[in-house]
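Biologist: I'm new to reading protein models, and I'd love a close look at one part of this one. Could you take me through the strands and then show me what lies around them?

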Amino acid sequence: MKRPIASDFDGTFDSHPEIWSQTDVIITGNYWGKYEDVMSRWPGPKKPIYFCPIDPDEDMMKVVAHKADVINKLKARKFYEDQSEQATVLKIMCPECEIILVKEGATFI
């Protein structure tokens with residue numbers, strides 16, 4: 001089975017159409033209570049999405065722990081992220097995955 005390519009949602013998948021065709025799955029720090037909001041803002045093709053099972057209360061480490069857990073369980077080979085702090089921690093927590101930092105207007109592939 002091919003190892004999937006994953007992406008964060010806010011500021012990443014929703015802002016970078018150049019990664020839509022490469023992305024197999026979305027892993028977001030949004031919790032289930034934000035489902036309707038996320039789905040109403042969805043751009044481009046629909047992809048399977050993993051929501052955070054708990055409200056992370058803006059706690060970056062809870063968000064990163066959720067993303068790392070899913071990345072590692074899926075054995076994702078790439079993950080697109082727009083927040084440099086999260087990308088830095090994910091590189092440590094997900095050594096088998098290439099973490100790619102995207103910026104406003106550019107994706108560093």
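Modeller: Happy to; what follows starts at the strands and then moves on to the rings and the surface. Please keep in mind that this is a predicted model.

Let's begin with strand β2, which covers residues 25-31. Is β2 enclosed or open to the outside? Of its 7 residues, 6 are buried, so the strand is largely enclosed by the rest of the structure. As background, side chains in a regular strand alternate between the two faces of the sheet.

Now look at the partners of β2. Strand β1, residues 5-7, pairs with β2 in the parallel sense, and 2 bridges join them. You can find one meeting point at Ser7, which stands opposite Ile26 in β2. Strand β3, residues 49-52, also pairs with β2 in the parallel sense, this time over 3 bridges. Here Tyr31 has Cys52 in β3 as its bridge partner. To get from β2 to β3, the chain passes through helix α2, residues 35-40, and this β-α-β crossover is right-handed.

Follow the chain beyond β3 and you come to Ile54, in the loop between β3 and α3. Is Ile54 buried, partly exposed or exposed? Its relative accessibility is 45%, so Ile54 counts as partly exposed. Try finding Val64 too: it is 10 residues away from Ile54 along the chain, and the two C-alpha atoms are separated by 12 Å.

Helix α3 itself spans residues 60-74, and Met61 is found there. Because its relative accessibility is 42%, Met61 counts as partly exposed as well. Together with Ile92 and Met93, Met61 forms a nonpolar patch on the surface, and the three have about 300 Å² of accessible area together.

For a contrast, turn to the aromatic rings. How many aromatic pairs does a search of the whole structure find? The count is 6. One of them joins Phe13 and Trp20: the ring centres are 5.8 Å apart, the planes are at 35 degrees, and the pair is tilted. Those two values are given because a pair of aromatic rings is described by the distance of the centres and the angle of the planes. Phe13 and Trp20 also belong to a cluster, in which ring pairs link them with Phe9 and Trp42. Phe13 has a relative accessible area of 0%, so it is buried, whereas Met61 in the surface patch is partly exposed.

Note on methods:
Residues are numbered from 1 along each chain as its sequence is written. This is a predicted model: local features need pLDDT of at least 70, side-chain atom pairs count only at pLDDT 80 or more; totals for chains, interfaces and linings use all residues. Side-chain values use heavy atoms; hydrogens and water are left out. Rings of Phe, Tyr and Trp (its six-membered ring) pair if their centres lie within 6.5 Å; planes under 30 degrees apart count as stacked, over 60 as edge-to-face and the rest as tilted. Buried means under 20% relative accessible area, exposed over 50%, partly exposed in between (1.4 Å probe, protein chains only). Patches are made of residues with over 30% relative accessible area and no salt bridge: like charges are joined within 9 Å, nonpolar side chains (Val, Leu, Ile, Met, Phe, Trp, Tyr) within 5 Å. Accessible areas come from the Shrake-Rupley method with a 1.4 Å probe; for residues, only the protein chains shown count as cover. A salt bridge is a side-chain nitrogen of Lys or Arg within 4 Å of a carboxyl oxygen of Asp or Glu. Helices (H or I, at least four residues) and strands (E, at least two) are DSSP runs, numbered from the N terminus. Two strands pair if DSSP finds at least two bridges between them. A crossover is right-handed if, with the strands pointing away from the viewer, the path from the first strand over the helix to the second runs clockwise.
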